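Me: Could you take a close look at the salt bridges in this model for me? I'd like to know which side chains pair up and how the partners sit in the fold.

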Amino acid sequence: MDASAWNARYLAQPDAWGTTPAARIVAEVTAAEDAGLGVGTAVDLACGDGRHARWLAAHGWRVQAVDFSEVAIEQARAKDSDEGRSGSVDWVVGDARTWSPAEPVDLVVVGFLHLDLPELDAVLRDAGTWLRPGGHLVYLGHAAENLRRGVGGPQDPTLLPGVADLARGAEGLEVISLRHDLRPAGKATAIDVLLHARRWAD
């Protein structure tokens, strides 16, 4: 994983992922709130140019948005606005594999972070330890099955998790949902994989 390559990619194609948050992440966070998760502190890990962090802040969350691409963080800051929102975003340049928050948080969102699978497993396990009791972790990414059955996303199978991979990352947490998620992609369908877990209440 090379920050310089991602810096070049963001410079060449701003808004590469669009400006709206992934619908599945919105749905999972909203469902967690409906089930009693209080709006509080969140981490948007590997935030890219910040589409999920901005959505969370607009809904009252105090967000630490972290990415190792300085260009992505610069672009995210440029798009950010406090107008009409009740939350806030602290934009941070940091490596998802080594960064950690100073204090426990209520929510961790990880959208389309693709690492070698042992590294992803370690990142998710670490993220689970950041949660306060009852806090939620939501991961959404391109699934291993997407290579044969879907479209888009990384074409390297060593970067694509399956359900079993995410289950290992969620060890020790209460698993709320762990499944494939089919997403329209033009005239085709992309296959994502979703983990939604919660730290057991003390």
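Reply: Happy to. Let's start with arginine 85 and aspartate 80, whose side chains form a salt bridge with an N to O distance of 2.5 Å. Both partners, arginine 85 and aspartate 80, are buried. Please keep in mind that this is a predicted model, so the cut-offs matter: buried here means under 20% relative accessible area. As general background, side chains of opposite charge can pair when their charged atoms come close.

The pair is one entry in a longer list, as the whole structure has 13 salt bridges. Another joins arginine 168 to aspartate 165, at 2.3 Å from N to O. These two residues belong to helix H7 (residues 163–169), where they are three residues apart, about one turn of the helix. Their surroundings can be read from the accessibility values. Aspartate 165 has a relative accessibility of 19%, so it counts as buried. Arginine 168, with a relative accessible area of 41%, is partly exposed.

Next comes a bridge between two strands. Arginine 198 pairs with glutamate 174, and their closest N and O atoms are 2.8 Å apart. Because arginine 198 lies in strand E7 (residues 188–198) and glutamate 174 in strand E6 (residues 174–185), this pair ties together parts that are 24 residues apart in sequence. Arginine 198 is partly exposed, with 23% relative accessible area, and glutamate 174 is also partly exposed, at 21%.

There is also a group to look at beyond these pairs: Arg24, Glu28, Arg179 and Asp181 are connected in a network of salt bridges.

While you have the model open, helix H3 is worth a visit for its burial. This helix spans residues 51–58 and is mostly covered, with seven of its eight residues buried. The buried residues in H3 are Arg51, His52, Ala53, Arg54, Trp55, Leu56 and Ala57. What lies over them? The cover for the buried residues of H3 includes helices H2 (23–34) and H4 (70–79), along with strands E1 (41–45), E2 (62–67), E3 (88–93) and E4 (105–111). Just after H3, you will find glycine 60 with a positive phi of about 100°.

To come back to your request, the two partners in the arginine 85 and aspartate 80 bridge are buried, whereas arginine 198 and glutamate 174 are partly exposed. In the helix H7 pair, aspartate 165 is buried and arginine 168 is partly exposed.

Definitions and conventions. Residues are numbered from 1 along each chain as its sequence is written. This is a predicted model: local features need pLDDT of at least 70, side-chain atom pairs count only at pLDDT 80 or more; totals for chains, interfaces and linings use all residues. Side-chain values use heavy atoms; hydrogens and water are left out. A salt bridge is a side-chain nitrogen of Lys or Arg within 4 Å of a carboxyl oxygen of Asp or Glu. Buried means under 20% relative accessible area, exposed over 50%, partly exposed in between (1.4 Å probe, protein chains only). Helices (H or I, at least four residues) and strands (E, at least two) are DSSP runs, numbered from the N terminus. Contact means heavy atoms within 4.5 Å.
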